[in-house]
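Please open the model in the viewer and keep the selection tool at hand. The tour begins at an enclosed space and ends at a sheet.

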Amino acid sequence: MTKVVVGAADQAVVRELRALLAEIEGTEILSIVESSHELSAMVARLKPSVVLLHDALGPQSAPDVVREIVFRSPTTGVLVLNSGMDGDTALLAMEAGAKGVVRYPMGFDDLLSRFEVARQWSERMSGLISGAVADTARDLGRHGRVTVFAGAKGGVGTTTIATHMAIDLQRKVPGTKVCLVDLDLQAGDVSGIIEARQRVSIADVAKVSEDLSAGTILDALVRHESGISLLLAPQQVHESEYVTASAVRAILGLLRQEFDVILVDGGSHATPAQAAAIEVADAAVVVVTADVLAMRSFRRSVQAWEGLGVRSEQELHVVANKVSRDDALTFDALGKLTSASVVSTWLPSAFRSLERSVNSRNPDEIREASWWSALERIGAEIGVSGASAVPTPTSEPKRRGRRRAKAEAGQVAIETVALVPVVALICLLAWQVGLTALAFVWNGHAANAATRAHAIGEDPGAAARDAVPDSMRDSVHVTVLHDGSVTVSTKVPVLCPGCAALPGEISQTSDVVEEP
Ligand SMILES: Nc1ncnc2c1ncn2[C@@H]1O[C@H](COP(=O)(O)OP(=O)(O)OP(=O)(O)O)[C@@H](O)[C@H]1O
Ligand SMILES: [Mg+2]
């Protein structure tokens with residue numbers, strides 16, 4: 001079905017177009033709008049195959065409207081109905097990207113033939129952009145995936161992530177052809193992070209983008225010692241003007257045929273080049289930090305991309321970088337602030353190790369395996385290499401926490417085992433103290449009984465033994481001294497042999513008071 005949007009305020013023109021389009025099989029009118037601004041927005045949203053634009057539609061001029069539509073929806077073929085344009089304006093409309101001019105009042109055959117041209121062009125263009133030419137490329141053996149990284153704002157770590165991920169991919173899957181494109185045209189700094197001697201840049205390739213060949217691109221690439229290929233940003237900022245949206249589309253299209261994985265550092269500025277890359281990429285990732293400023297900038301970028309019809313918020317991935325405990329926002333809060341899919345693995349703030357690697361321009365200086373494995377999990381979740389394996393939603397800090405918790409549990413177990421003898425000894429000591437105190441009480445009781453029995457002429461020994469519990473009876477020893485006093489001794493049961501401070505025997509002497 002060929003989807004059509006009509007831009008015409010004149011109702012006679014609208015009626016006529018409705019009638020003629022109804023006769024073209026497989027055609028559907030999605031919308032009819034009455035101003036050029038409305039038309040641009042509608043096209044960005046609906047991405048129709050064909051737009052029929054009446055030249056009298058205002059307030060913008062027909063060439064301007066065509067230019068905007070082509071920018072917002074490069075797969076749309078625009079036909080202009082000419083009811084009042086002079087030859088020059090018609091030519092300008094064609095130069096702006098119109099696929100044909102239909103004279104008004106129009107005949108069916110005239111409209112049909114031009115409509116067919118626009119429709120076929122749109123089909124071919126959609127194929128090219130979505131990578132469907134891919135069929136040819138795939139037949140030849142390659143159809144690389146393009147992932148664009150854009151910063152929510154400057155300095156969030158976009159270049160670091162794109163560059164390190166490219167190197168990590170190359171290292172972990174040898175044989176993969178990885179290309180890193182520095183599309184941060186204002187301040188490209190891939191070569192600030194890794195050692196790369198620049199000869200030519202993406203601007204040199206863009207200059208010949210109309211007539212681009214694989215050879216031209218391959219010549220412009222710099223081979224890094226890690227094995228990845230680099231297409232670097234221009235050193236002179238003014239050169240960036242050559243890198244237009246259509247040049248970016250053409251360059252990325254060709255790179256798809258030469259590489260398995262193409263990672264693009266799109267920078268943090270919303271430029272036409274960045275927008276074009278985000279539009280044609282298989283995945284677009286916005287790098288954020290967990291603070292209000294970054295999230296505000298993120299929102300502005302999303303609004304710009306949505307306004308241009310480049311990509312909706314839901315189609316974006318968000319990666320959080322430099323995450324630390326001091327962040328103003330928690331990682332969970334990020335998910336509540338956006339409908340984009342927030343990658344479940346984040347990158348911790350790793351200032352010291354990154355600083356070392358930046359100073360030496362050597363990412364291998366980062367020895368922490370956790371950094372590289374986090375990048376790997378992020379890449380897998382986004383699907384940078386086509387494998388859409390979504391890892392278990394963990395993040396490095398969380399994992400580290402879990403590991404630490406495990407270690408702590410182990411430590412507690414070891415400490416518990418070490419404490420057992422100490423606790424047992426304390427219990428034994430307490431028990432021994434208790435026994436000694438009990439022996440003291442019962443021995444006193446026995447001594448009183450023995451003294452009383454002796455005073456009335458009975459057996460003090462028997463009285464003493466009767467006064468104590470059965471278990472102590474055998475250990476009670478009674479002695480009647482010459483002066484008539486009675487000594488009762490009781491052995492204290494020994495549970496804790498080391499407790500020398502406690503007596504092994506309790507002995508008490510009671511005097512017999514003689515009645516006068
Ligand atoms: N996870 C991190 N922890 C600590 N520092 C980081 C982290 N990621 C990046 N950095 C540091 O932040 C600084 C900016 O990083 P980078 O150049 O990658 O950001 P950028 O978003 O590309 O910036 P620009 O807008 O300038 O292009 C660098 O010094 C880099 O080493
Ligand atoms: Mg950068």
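Select first Phe71, Arg72, Ala245, Arg249, Pro272, Ala275, Ala276, Glu279, Leu308 and Val310, which line the largest cavity. On a 1 Å grid over the protein atoms alone, a cavity is a set of points where a 1.4 Å probe fits but cannot get out, and lining residues have an atom within 4 Å of a point. Its volume is about 40 Å³, taken as the space filled by probe spheres set on the points, with grid points joined across faces, edges and corners. Colour α3 (62-72), α11 (245-258) and α12 (272-280), the elements that each give two or more residues to this lining; α12 gives the largest share, four residues. Helices (H or I, at least four residues) and strands (E, at least two) are DSSP runs, numbered from the N terminus.

The model is predicted: local features need pLDDT of at least 70, side-chain atom pairs count only at pLDDT 80 or more, and totals for chains, interfaces and linings use all residues. Residues are numbered from 1 along each chain as its sequence is written, chains are lettered from A and ligands numbered from 1 in the order in which they are written, and side-chain values use heavy atoms, without hydrogens and water.

Next, display the open sheet of eight strands, ordered β8-β9-β7-β10-β6-β11-β12-β13 with mixed pairing; strands pair if DSSP finds at least two bridges between them. β8 (222-223) and β13 (341-342) stand at the edges with a single partner strand each, so one side of each lacks a neighbour in the sheet.

Finally, select β11 (283-288) and β12 (316-320), which run parallel and are joined by five bridges. Within this pair, Ala284 has Leu316 of β12 as its bridge partner.

Notes: 1 Å grid on protein atoms, 1.4 Å probe; cavity = no way out; pocket = protein on both sides within 12 Å on 5 of 7 lines; lining within 4 Å.
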